[in-house]
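Me: I am new to this structure and would like to go through it slowly, asking at each step what a term rests on. Please set each value beside the rule it is judged by.

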Amino acid sequence: MKEENLNGLKSTQVQVYPFNCETMGYTKGLATVVLNDVLLIRGLRVMDGPNGLFVGYPLDPFYKGEDFRSVVQPCNSDLRKHIEDCVLEKYQATLA
């Protein structure tokens, strides 16, 4: 991943907490990411969908609309891919 595409942002810490039970459905674990040692993102979900694993972002629990609204989400696809790659890599390493 080219760092200049991320405007200097990088994951400096990634923690993944996999679930060891089947009762959580599509959610396979939770994750926390720290960007540049200054921004903490909690509540990321490792999800297993029809196209494989992906990262879900924390949802606003107070939003009353019919669709979902994320509390935090990347503003560009490069940052989204970077975060997803870091979280899923750590998730796979945790399972091994």
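Me: What radius of gyration does the chain have, and how do you know whether it agrees with that of a compact globule?

Reply: The model is a predicted one, and its values are computed from it. A compact globule of 96 residues would have a radius of gyration near 12 Å, and the chain has 14 Å, so the two agree. Along its principal axes, the C-alpha trace spans about 40 × 40 × 25 Å.

Me: Which elements of secondary structure does the chain hold, and in what order do they run?

Reply: The chain comes to 1 helix and 4 strands, and from the N terminus on the order reads β-β-β-β-α.

Me: What makes the sheet an open one, and what is the sense of its pairing?

Reply: The 4 strands lie in the order β1-β2-β3-β4 with antiparallel pairing, and the strands at the edges, β1 (11–18) and β4 (52–56), each pair on one side only. From one strand to the next the twist averages 25°.

Me: How do you know that β1 and β2 count as paired, and what about the other neighbours?

Reply: Two strands pair if there are at least two bridges between them, and β1 and β2 have 7 bridges in the antiparallel sense, so they count as paired. There are also 7 antiparallel bridges between β2 and β3, while β3 (residues 39–49) and β4 pair over 5 bridges, again in the antiparallel sense. Individual positions can be found in the picture: Gln15 stands opposite Thr32 in β2, Ala31 has Leu44 in β3 as its bridge partner, and Arg45 stands opposite Gly56 in β4.

Me: What lies between β2 and β3?

Reply: These two strands form a hairpin with 3 residues between them, and Asn36 in the turn has a positive phi of about 50°. Val38 is also found in the loop between β2 and β3.

Me: Why is Val38 called exposed, and Thr32 buried?

Reply: A residue is exposed when its relative accessible area is over 50%, and Val38 has 71%, so the word applies to Val38. Buried means under 20%, and Thr32 has 12%, so Thr32 falls on the buried side. Thr32 belongs to strand β2, a strand described as mostly covered, with 7 of its 9 residues buried. Not counting residues up to four places away in sequence, Thr32 touches Gln13, Val14, Gln15, Tyr17, Leu40, Ile41 and Arg42. Over the chain as a whole, buried residues make up 28% of the 96 residues.

Me: How do you know that helix α1 packs on the sheet?

Reply: Contact means heavy atoms within 4.5 Å, and by that rule helix α1 (residues 77–95) touches β1, β2 (27–35), β3 and β4. The direction of the helix makes about 50° with that of β1. Val87 gives a view of such contacts at a single residue: leaving aside its neighbours within four places in sequence, Val87 is in contact with Val14, Val16, Ala31, Val33, Leu44, Val46 and Val55.

Me: What makes up the largest nonpolar core, and which element supplies the largest share?

Reply: This core has 16 residues, and those with the most contacts inside it are Val16, Val33, Leu44, Val55, Ile83 and Val87. At least two core residues come from each of β1, β2, β3 and α1, and the largest share, 5 residues, is that of α1. As a general background, nonpolar side chains tend to be buried together in soluble globular proteins.

Me: Why is no disulfide assigned to Cys75, and how exposed are Cys75 and Cys86?

Reply: A disulfide needs two cysteine sulfur atoms within 2.5 Å, but the sulfur of Cys75 is 18 Å from the closest cysteine sulfur, in Cys86, which is too far for a bond. The structure accordingly holds 0 disulfides. Cys75, with a relative accessible area of 82%, is over the 50% cut-off and is therefore called exposed. Cys86 has 22% relative accessibility, which lies between the 20% and 50% limits, so Cys86 counts as partly exposed.

Technical notes
Residues numbered from 1 in each chain as written. Predicted model: local features only at pLDDT ≥ 70, side-chain atom pairs only at ≥ 80, totals over all residues. Heavy atoms only, no water. Axes fitted to C-alpha atoms, helices over the stretch in contact; angles between N-to-C directions. Buried < 20%, exposed > 50% of the residue type's maximum accessible area, 1.4 Å probe, protein only. Core = buried A, V, L, I, M, F, W, Y, C linked by side-chain atoms within 4.5 Å. Rg over C-alpha atoms; globule rule 2.2 N^0.38 Å.
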